[in-house]
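Visitor: I am new to this structure and would like a plain account of one part of it. Please start with how far the model can be trusted.

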Amino acid sequence: MNALVMAVSLATAATLAIGADAGWAQTKVTVTREESKPQKVEIKAGEEVQFINNSGGIAHVMFGGNDAIKFYLRKGTSKVKFEKAGTYEYTVHVSGTKVHAHTGSVVVK
């Protein structure tokens with residue numbers, strides 16, 4: 001398993017899957033210390049976004065809301081599947097010698 005899930009509250013809008021399988025989504029977000037690339041992605045309902053950690057540290061990804069999805073990304077990847085239309089804002093905190101934080105969004109149509 002490439003990532004450690006610390007806390008996952010399963011929302012009806014999004015679900016989290018951890019691990020490496022052949023079904024990775026076309027949409028990818030690369031997490032670095034300074035930013036997520038791209039900062040904003042647009043997908044269709046039912047599609048997944050693959051988060052890739054290239055930060056050199058541990059990235060804590062937190063989506064907002066009452067049914068928030070939160071997970072740690074060590075080395076490797078995690079994917080999140082979005083079932084409902086909407087804009088999902090997230091914050092990334094990267095630990096290491098100096099803590100870095102940045103934001104991004106997933107727009108589901």
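What is the mean pLDDT of the protein chain, and what share of its residues reach 70 or more? After that, please look closely at strand β10 (residues 86-94).

Guide: The mean pLDDT (the predictor's confidence in each residue, from 0 to 100) is 79 for the protein chain, and 74% of the residues reach 70 or more. This is a predicted model, in which local features need pLDDT of at least 70 and side-chain atom pairs count only at pLDDT 80 or more, while totals for chains, interfaces and linings use all residues. Residues are numbered from 1 along each chain as its sequence is written, and side-chain values use heavy atoms, with hydrogens and water left out. Two stretches call for caution: pLDDT stays under 50 over residues 1-12 and again over residues 18-25. Where pLDDT is low, the predicted coordinates should not be read in detail.

The setting of β10 comes next. The protein chain has 11 strands and zero helices; here strands (E, at least two residues) and helices (H or I, at least four) are DSSP runs, numbered from the N terminus. Of the chain's 109 residues, 42% count as buried, that is, under 20% relative accessible area with a 1.4 Å probe, protein chains only, whereas exposed means over 50% and partly exposed lies in between. Contacts (heavy atoms within 4.5 Å) often link distant parts of the sequence: among those with a separation of 6 or more, 62% join residues 24 or more positions apart.

β10 has pairing partners that include β7 and β11; two strands pair if DSSP finds at least two bridges between them. With β7 (59-63), β10 pairs in the antiparallel sense over five bridges. In that pairing, F63 stands opposite Y90 of β10. With β11 (100-108), the pairing is also antiparallel, and it runs over nine bridges. Here Y88 has V106 in β11 as its bridge partner.

β10 also supplies residues to the largest nonpolar core, a set of buried Ala, Val, Leu, Ile, Met, Phe, Trp, Tyr and Cys residues joined through side-chain atoms within 4.5 Å. That core has 20 residues, and V49, F51, F63, F71, F82, Y90 and V106 touch the most other members. Strands supplying at least two residues each include β7, β10 and β11. β10 gives the most, with four residues.

F63 shows how these parts meet. Leaving aside neighbours within four places in sequence, F63 is in contact with Y88, E89 and Y90, and its other contacts include F51, F71, F82 and V106.

E89, also in β10, is partly exposed, with a relative accessible area of 47%. In a regular strand the side chains alternate between the two faces of the sheet. Beyond four places in sequence, E89 touches M62, F63, G64, G104 and S105. M62 is 27 residues from E89 in sequence, and their C-alpha atoms are 8.6 Å apart in space.

One further contact leads from β10 to a loop. V94, within the span of β10 (residues 86-94), is touched by S55, as are V31, T32 and R33. S55 is in the loop between β6 and β7 and, at 7% relative accessibility, counts as buried.
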